[in-house]
Amino acid sequence: MATNRALARALGYLESKKNLAGGVCGLVGLGLTVAGVAGAYWPVVIAGLYAAGALVAPPERAPVPVFPGTAERLGVLREDLGRLRDYIAEVELAPAAGGRLGGLLDLYAALLEPGWVSEALATEPDAVHALSRAIRLDVPECVDTYDRTRWWTRLTPGGESPERHLERQLTVLSEEAERLTAGLQDREARRQQTHTTYLEERGRS
């Protein structure tokens, strides 16, 4: 492993700007030697010019890491929502909970639909985080714990029903999604109002 890294560094240096600049200066030294200027000290002259060229050449810059943009992250989140829908389709849900969950997922899908809505969403990192958390963590956990608890309840009836807990969880998630949507709507409304104010002030000037 260490040998491979050392070899990679050596090969990298051969292609570096420092080696190229040093090589050019070394060729100048070789030319001086052929012309008889360097005399008996030609090895020192060539080595010195190579070192000088390598020193003055700009250092190699490590490439800046490229991270996926917001549009790409939303595309992945859209795919995750599709996988979540496939998972939920395999779980037997009570009609009321199933309808409520379906409406919640439809709202998520509308926010992620390619176009100006998802573009507006992409400018709100907190909203993207909340939506990602709901799709990848909250909803799967709600459905999975419901499915597991329902099995145990069939063996030992009593206590609060799993359906009731699921409905409470979905209520919280729905309220969160509504606040997220309202925040995006409010931002667009402020944008419209700002443009109205600008036009009115321009008309008076």
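**Exercise 1. Find how much of the chain is buried, and what the chain is built from.**

Solution.
Step 1. Start with burial. Of the 205 residues in this predicted model, 24% count as buried.
Step 2. Turn to the surface. The chain exposes about 14000 Å². Carbon and sulfur atoms supply 61% of that area.
Step 3. List the secondary structure. The chain has eight helices and zero strands. Along the sequence the pattern reads α-α-α-α-α-α-α-α.
Step 4. Check the contacts. Take those with a sequence separation of 6 or more. Residues 24 or more positions apart account for 72% of them.

**Exercise 2. Compare the span of α4 and of α8 with the span expected for each, then list their buried residues.**

Solution.
Step 1. Take α4, residues 70–89. This helix has 20 residues and reaches 29 Å from its first C-alpha to its last. The expected value, at 1.5 Å a residue, is 28 Å, so the two are close.
Step 2. Take α8, residues 162–204. It holds 43 residues and reaches 63 Å from first C-alpha to last, close to the expected 63 Å.
Step 3. Pick out the buried positions of α4. They are Leu 74, Gly 75, Leu 77, Asp 80, Leu 81, Leu 84 and Ile 88.
Step 4. Do the same for α8. Its buried residues are Pro 162, Leu 166, Leu 170, Leu 173, Ser 174, Glu 176, Ala 177, Leu 180 and Leu 184.

**Exercise 3. Classify Leu 74 as buried or exposed, and name its contacts distant in sequence.**

Solution.
Step 1. Place the residue. Leu 74 lies in helix α4.
Step 2. Apply the cut-off. Buried means under 20% relative accessible area. Leu 74 has 3%, so Leu 74 is buried.
Step 3. Set aside neighbours within four places in sequence. Leu 74 is then in contact with Leu 112, Ser 118, Leu 121, Ala 122 and Val 128.
Step 4. Look at one partner. Leu 112 is 38 residues from Leu 74 in sequence, yet their C-alpha atoms are 6.8 Å apart.

**Exercise 4. Work out which residues Ala 97 and Leu 101 touch.**

Solution.
Step 1. Place both. Ala 97 is found in helix α5, and Leu 101 lies in α5 too.
Step 2. Check burial. Ala 97 counts as buried because its relative accessibility is 2%. Leu 101 has 1%, so Leu 101 is buried.
Step 3. Trace Ala 97. Beyond its neighbours within four places, Ala 97 is in contact with Leu 166 and Leu 170. Both partners are among the buried residues of α8.
Step 4. Trace Leu 101. Not counting residues up to four places away, Leu 101 touches Ile 88, Leu 93, Val 139, Val 143 and Leu 170. Leu 170 thus appears in the contacts of Ala 97 and of Leu 101.
Step 5. Add distances, C-alpha to C-alpha. Ala 97 and Glu 163 are 66 residues apart in sequence and 7.2 Å apart in space. Leu 101 and Val 143 are 42 residues apart in sequence and 9.6 Å apart in space.

**Exercise 5. Set Ser 132 beside Pro 114: which is buried and which is exposed?**

Solution.
Step 1. Place them. Ser 132 is in helix α7. Pro 114 is in the loop between α5 (95–112) and α6 (116–122).
Step 2. Judge Ser 132. A relative accessible area of 16% makes Ser 132 buried, because the limit is under 20%.
Step 3. Judge Pro 114. Pro 114 has 53%, and exposed means over 50%, so Pro 114 is exposed.
Step 4. Find their surroundings. Ser 132 touches Leu 77 and Leu 137, residues up to four places away not counted. Leu 77 is one of the buried residues of α4. Pro 114 and Ala 71 are 43 residues apart in sequence, with C-alpha atoms 9.0 Å apart.

**Exercise 6. Locate the largest cavity and describe its lining.**

Solution.
Step 1. Search the whole structure. One cavity of 30 Å³ or more turns up. The largest cavity contains about 30 Å³ of space.
Step 2. Name the lining. It consists of Tyr 108, Ala 130, Leu 131, Ala 134, Glu 176, Ala 177 and Leu 180.
Step 3. Assign helices. α7 (125–155) and α8 each supply at least two lining residues.
Step 4. Sort by class. Six are nonpolar, none is polar and one is charged. Glu counts as charged, so Glu 176 is the charged residue in the lining.
Step 5. Link back to burial. Glu 176, Ala 177 and Leu 180 are among the buried residues of α8.

Note on methods
Residues numbered from 1 in each chain as written. Predicted model: local features only at pLDDT ≥ 70, side-chain atom pairs only at ≥ 80, totals over all residues. Heavy atoms only, no water. Helix = DSSP H or I, 4+ residues; strand = E, 2+ residues; numbered from the N terminus. Buried < 20%, exposed > 50% of the residue type's maximum accessible area, 1.4 Å probe, protein only. 1 Å grid on protein atoms, 1.4 Å probe; cavity = no way out; pocket = protein on both sides within 12 Å on 5 of 7 lines; lining within 4 Å. Points joined across faces, edges and corners; volume = space filled by probe spheres on them. Contact = heavy atoms within 4.5 Å. Areas by Shrake-Rupley, 256 points an atom, 1.4 Å probe, with all protein chains shown as cover.
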